[in-house]
Amino acid sequence: MISGDLLRDMYISAANNIENHKASVNDLNVFPVPDGDTGTNMGMTFRCAANDVKKLDGKSAGEVASAAASALLRGARGNSGVIISLIFRGFAKGLLGKETADGADIAGALKMGVEAAYKAVMKPTEGTILTVARVAGEEAVTYAGETSDALLMFDKIIEVAKDTLSKTPDMLPVLKAAGVIDAGGQGLVYILEGMKSVLDNGVIIETQESAAVSDRADFASFNGEDINFAYCTEYIVNKVYNPRFHEPQKLRSYLESIGDSVVVADDDGIIKVHVHTNNPGKALEEGLKYGFLSNMKVENMKEQLAREAQKEESQKETDDGVRRIAQPDKKYGFVAVSAGEGFTDLFHDLGVDGVANGFQTMNPSTEDILKEIDKTPAEVVYVLPNNKNIILTAQMAAPLSEKEVIVIPTTTIPEGIAALLAFDETADVNDNTNNMQAAIKNVKTGEITYAVRDSSFDGQEIKQGQYMGLSGKKMHAIGMDLTKVTDELVAAMLDNNSSILTLFSGKEVESEKAQELADYMTKKYGDRVDVSLVEGGQPVYYYIVSVE
């Protein structure tokens with residue numbers, strides 16, 4: 001029997017397992033749009049459930065499932081993320097009121113989840129996560145007549161899900177053409193396997209570096225012009241009763257008139273919306289009629305496809321050693337050195353074409369930076385080293401390129417971000433260069449790291465394991481309390497001219513802890529500066545602090 005505590009651990013294990021495999025799932029993502037983000041979206045969606053249920057202790061299975069369903073709906077990202085939230089929302093309804101759950105309960109709940117997902121999707125397509133879940137649910141209900149053992153039921157569900165997943169290329173021609181199985185279906189299998197691990201031997205799968213990629217779609221073979229609706233648009237409507245606009249079905253009908261891949265799901269308080277459209281503004285405006293909006297996200301899927309295609313070309317270059325130089329199709333382009341997935345995503349969102357990975361202990365080579373310059377389809381390429389140790393390397397790469405390359409000497413990632421925000425596409429090269437160089441002088445950067453051994457710095461004795469708050473060439477704080485050290489660093493960095501404080505959380509910081517720190521900073525400094533939190537994902541530094 002599955003207790004509430006056991007089910008809680010199953011959700012956590014599932015979130016870790018999909019997180020571990022998100023890269024391999026991303027590389028399968030060619031439907032409905034080849035934008036390479038299914039694994040990321042499913043991972044972030046399920047992480048919301050794990051974060052919420054891990055606070056629960058001694059609750060019933062039904063209560064844990066309901067809490068997870070609410071978190072999944074609010075945190076759902078992307079088409080597959082929304083569908084997975086719908087499946088587990090129906091799953092929760094199947095377990096409603098149950099103290100524990102056996103195999104038959106699981107089978108019935110999964111079937112309810114699948115039915116809910118099919119009902120909410122505008123045009124269900126076979127050969128996708130929906131098919132994998134549906135066939136597994138149908139077989140599970142039949143199998144429930146033979147056993148009520150929960151572990152045997154999960155074995156059966158996963159066996160059928162894998163078998164159905166292997167057949168998805170025969171159901172959906174775009175998968176067969178790309179030589180891959182369905183990404184969402186693969187993500188569902190990883191989620192189910194993560195849950196079963198706890199049921200099987202009590203082991204919550206730990207997060208780790210992404211598993212090796214075995215199959216990858218040829219994204220370069222897809223044409224962005226074939227994407228009919230370019231903007232993946234998502235938001236949550238926080239319901240405000242309006243007699244004219246209170247039925248989500250009407251919102252769904254409107255969205256179907258301006259796009260596709262429409263998914264609309266609601267509960268008592270919110271409506272979760274996902275649509276691919278060329279008019280994200282209209283989609284948002286229509287949602288406002290039903291209540292106030294939150295968690296808005298608009299992504300250009302043509303740009304996402306272009307990035308994945310660039311990765312493909314880069315891999316081909318690595319394979320055959322031949323230098324390929326992208327022909328310019330625009331005036332300006334950017335290459336940035338980044339460390340951490342969050343920073344890389346942020347740079348892409350800000351218009352950066354190529355990203356070279358690098359940080360304190362893993363600086364990119366001249367060749368690495370030149371490759372990114374070569375791939376950037378622009379006449380003028382700005383390079384942002386974002387580390388004082390990489391500036392010279394970038395300057396060495398510049399004359400090796402046939403393009404006009406300008407290195408902006410950014411010494412930190414916040415300086416790189418400030419330079420990008422100062423860029424004006426309508427300005428000429430000299431003005432842009434001057435504006436970006438001026439912008440980096442208005443940014444102060446601080447870093448929180450830890451001591452790996454006993455030492456002394458800036459006249460202070462440091463013990464192994466202590467946190468250190470550094471800015472410029474000074475150490476402003478030291479101690480064993482991460483929040484206190486960060487607070488002392490921030491206090492030292494703020495002055496009367498400060499208006500923006502940004503915290504970039506590192507790879508080793510849990511999202512929940514980072515949010516607690518951001519809330520603390522907002523409470524303490526919110527009347528002086530705007531405080532924001534960004535998941536940087538950088539190694540070595542727990543937090544990077546930017547003050548403008």
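In the predicted model, the side chains of R134 and E126 are joined by a salt bridge, with an N to O distance of 3.2 Å. Both partners occupy an intermediate level of solvent access: R134 counts as partly exposed because its relative accessibility is 25%, and E126 is likewise partly exposed, with a relative accessible area of 32%.

In total, 28 salt bridges are counted in the model. One of them connects R8 with D57, the separation from N to O being 3.5 Å. This contact links distant parts of the chain, since R8 belongs to helix α1 (residues 4-20) whereas D57 lies in the loop between α3 (38-53) and α4 (61-75), and 49 residues separate the two. The two ends of the contact differ in their surroundings. R8 has a relative accessibility of 13% and therefore counts as buried, the limit for that class being under 20%. D57, at 60% relative accessibility, counts as exposed, a class that begins over 50%.

A further salt bridge is formed by the side chains of K297 and E234, at 2.9 Å from N to O. Here too, distant parts of the chain are brought together: K297 is located in strand β4 (residues 291-300) and E234 in strand β1, 63 residues apart. Both K297 and E234 are buried. Salt bridges with shared partners also unite D5, R8, D9 and D57 in one network.

Strand β1, which contributes E234 to the contact with K297, spans residues 231-239 and runs antiparallel to strand β3, to which it is joined by 8 bridges. Within this pairing, V237 has I271 of β3 as its bridge partner. Strand β3 also pairs with strand β2 (residues 259-266), again in the antiparallel sense, over 6 bridges. In this second pairing, V264 is matched with V273 of β3. Strands β2 and β3 form a hairpin, with 3 residues between them.

The surroundings of β3 were examined residue by residue. Strand β3 (residues 270-277) is largely enclosed by the rest of the structure, because 8 of its 8 residues are buried. Burial extends to both faces of the strand: I270, K272, H274 and H276 point one way, I271, V273, V275 and T277 point the other way, and all are buried. The residues named above as bridge partners, I271 and V273, thus belong to the set that includes V275 and T277.

Elsewhere in the chain, 6 strands make up an open sheet with mixed pairing, arranged in the order β13-β12-β9-β16-β14-β15. Its edges are formed by β13 (474-479) and β15 (530-538), each of which pairs on one side only. On average, and with direction ignored, neighbouring strands of the sheet are turned by 20 degrees against each other. Within the sheet, strand β9 (residues 444-450) and strand β16 (residues 543-547) are paired in the antiparallel sense over 5 bridges, and T445 stands opposite S546 in β16.

Two helices that pack on this sheet were identified. Helix α14 (residues 341-349) touches β14 (500-506), β15 and β16, and its direction makes about 115 degrees with that of β15. Helix α20 (residues 511-525) also packs on the sheet through contacts with β14, β15 and β16; its direction makes about 155 degrees with that of β15.

Notes: Residues are numbered from 1 along each chain as its sequence is written. This is a predicted model: local features need pLDDT of at least 70, side-chain atom pairs count only at pLDDT 80 or more; totals for chains, interfaces and linings use all residues. Side-chain values use heavy atoms; hydrogens and water are left out. Buried means under 20% relative accessible area, exposed over 50%, partly exposed in between (1.4 Å probe, protein chains only). Helices (H or I, at least four residues) and strands (E, at least two) are DSSP runs, numbered from the N terminus. Two strands pair if DSSP finds at least two bridges between them. A salt bridge is a side-chain nitrogen of Lys or Arg within 4 Å of a carboxyl oxygen of Asp or Glu. Axes are lines fitted to C-alpha atoms, for helices over the stretch in contact, and angles run from 0 to 180 degrees between N-to-C directions. Contact means heavy atoms within 4.5 Å.
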